[in-house]
Amino acid sequence: MSADLRPAPDEPLVQTVDLHRHYAPRRRSGTVIRAVDGVSIGIGAGETLGVVGESGCGKSTLARILIGLDRPTSGQVLFEGTDVATLSRAGRKQLRREVQLVMQDPYTSLDPRMTAEQILAEPFDIHRDARRSVNVAERVRELLEMVGLNPDHARRYPHEFSGGQRQRIGIARALALRPRVVVCDEPVSALDVSIQAQVINLLAELQQQFGLSYVFIAHDLSVVRQVADRIAVMYLGRIVEDGTCDEVFADPEHPYTQALLSAAPVPDPLVQRQRRRIMLSTDLPGPGDLGVGCRFRTRCPRAESICSTDDPALLPAGLTLPGGQTHRAACHFARRPHTATAQGA
């Protein structure tokens, strides 16, 4: 491990602190696009954080910042307590080995001119120090077996594989250098439902085997519920609710989360017929048209005058129970915490 990446006990493995990513307007009269606007999250070792929200809410921008493909306008990304902006050149190269990406579309994320063998060997061409410690040909076969593919097919090109098999190759490529964090940017959204389940099960098995931490980005709540330990709900560049998977699904506090959950189908037809769908009144505003106050106010069925003037902070919601409170919501009308004994809870 690089000296720049020293472990920090009791710290999240990866953490963002008041992270902002703003883009300048293309036209002089335009407004600044606030794609990520004050996001603070943490991912522990071996944990899966699900990040959900509509298209355009900033999920993919957050993913690019986490893996180093984009730089924040302000704020920090910490890896084991170290600000990645302060890393030396060697430290940044080491970080790229520790944090990897599984892309959304398996049909465009693999170079069609390269065989599976060449795709999986490429990380060792870039990180030559890793190449010195392994037999690359054997490692390629091991990676293919690890993701459930036949090693004898290593010399096939991407077009000779199905969509699910291509995504398995993408997962194998992400794991080639044995990272500790994998950012999965909608990794199953382009796959058939039956194939989605196989890929999700594979990711769970690999996490169990290697102790991986995942940032799992998706818009499908049913998928996130299968994989996530904690959930962060994004809306127009901000986290509007976060908590454990059970907390968010059982007792959503933010109106946006409630609307998302009401739109997600459930497998029981009787329960599905009895559910009430929460319809949002308008389309998603552009990230440059936020104004002041709560950015969800234009679509919120509970909005009042305070929502137009005061921007709610992300604060604990519900009871503060023994052992601490993890569930937070950015809403003026979320239940705010009060202390409770174990008997009164």
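Here a biologist and a modeller talk through a predicted model of one protein.

Biologist: Let's start broad: how many helices and strands are there in the protein?
Modeller: Of the 345 residues in the protein, 47% are buried. Among contacts with a separation of 6 or more, 64% are between residues 24 or more positions apart. As for the elements themselves, the protein has eleven helices and twelve strands.

Biologist: Which residues of α1 are buried?
Modeller: This helix is mostly covered, with six of its eight residues buried. Just after α1 comes glycine 68, with a positive phi near 85°. The buried ones in α1 are Lys59, Thr61, Leu62, Ala63, Ile65 and Leu66.

Biologist: How much space lies in the largest pocket?
Modeller: Its volume is about 890 Å³.

Biologist: And of the residues that line the largest pocket, which are the closest to its centre?
Modeller: The lining has 16 nonpolar, five polar and seven charged residues. Elements giving two or more residues to the lining of the largest pocket include α1, β4, α2 and α6. Out of 28 lining residues, the closest to the centre are Ile67, Gly68, Leu69, Arg96 and Val99.

Biologist: What about enclosed space: how much lies in the largest cavity?
Modeller: The structure has three cavities of 30 Å³ or more. The lining of the largest cavity divides into eight nonpolar, two polar and two charged residues. Among the residues lining it are Cys294, Cys300, Cys307 and Cys331, along with His254 and His332. The space in this largest cavity is about 60 Å³.

Biologist: Arginine 166 is buried, so which side chain of opposite charge is nearest to it?
Modeller: Arginine 166 sits in helix α6, residues 163-175. Leaving aside neighbours within four places in sequence, arginine 166 is in contact with Pro106, Tyr107, Leu110, Pro158, His159 and Phe161. A salt bridge needs the charged atoms within 4 Å. Arginine 166 has none, and at 6.9 Å the nearest side chain of opposite charge is aspartate 105.

Biologist: How many salt bridges does a search of the whole structure find?
Modeller: Side chains of opposite charge can pair when their charged atoms come close. One such group is a network linking Arg34, Asp37, Arg238, Arg295 and Asp311. Over the whole structure, the number of salt bridges found is 17.

Biologist: Arginine 238 forms a salt bridge with aspartate 37; how far apart are the closest N and O atoms?
Modeller: Aspartate 37 is buried, at 4% relative accessible area, while arginine 238 is partly exposed at 23%. The closest N and O atoms of arginine 238 and aspartate 37 are apart by 3.7 Å.

Biologist: In that salt bridge between arginine 238 and aspartate 37, how many residues apart in sequence are the parts that the pair ties together?
Modeller: Arginine 238 belongs to strand β10 and aspartate 37 to strand β2. So the pair ties together parts whose separation in sequence is 201 residues.

Biologist: Which residue does glutamate 117 form a salt bridge with?
Modeller: Glutamate 117 is partly exposed, at 26% relative accessibility. Its partner is exposed, with a relative accessible area of 67%. The closest N and O atoms of the pair are 3.6 Å apart, and the partner is arginine 155.

Biologist: And which residue meets glutamate 142 in a salt bridge?
Modeller: Glutamate 142 is partly exposed, with a relative accessible area of 34%. Its partner counts as partly exposed too, at 49%. The N to O distance is 3.3 Å, and the partner is arginine 178.

Biologist: Is valine 224 buried or exposed?
Modeller: Valine 224 lies in helix α8, residues 221-227. Not counting residues up to four places away in sequence, valine 224 touches Gly50, Val52, Ala218 and Ile231. The C-alpha atoms of valine 224 and leucine 49 are separated by 9.0 Å, though the two are 175 residues apart along the chain. With 0% relative accessibility, against a cut-off of under 20%, valine 224 counts as buried.

Biologist: Where is glutamate 186, which has a positive phi although it is not a glycine?
Modeller: Phi of glutamate 186 is about 50°. At 11% relative accessibility, glutamate 186 counts as buried. Its place is in the loop between β7 and α7.

Biologist: Aspartate 18 also has a positive phi; which strand is it in?
Modeller: Phi of aspartate 18 is near 45°. Aspartate 18 is partly exposed, with a relative accessible area of 42%. The strand, covering residues 14-23, is β1.

Technical notes: Residues numbered from 1 in each chain as written. Predicted model: local features only at pLDDT ≥ 70, side-chain atom pairs only at ≥ 80, totals over all residues. Heavy atoms only, no water. Helix = DSSP H or I, 4+ residues; strand = E, 2+ residues; numbered from the N terminus. Buried < 20%, exposed > 50% of the residue type's maximum accessible area, 1.4 Å probe, protein only. Lys, Arg positive; Asp, Glu negative; His and termini not counted. Contact = heavy atoms within 4.5 Å. 1 Å grid on protein atoms, 1.4 Å probe; cavity = no way out; pocket = protein on both sides within 12 Å on 5 of 7 lines; lining within 4 Å. Points joined across faces, edges and corners; volume = space filled by probe spheres on them. Nonpolar A, V, L, I, M, F, W, Y, C, P; charged D, E, K, R; others polar.
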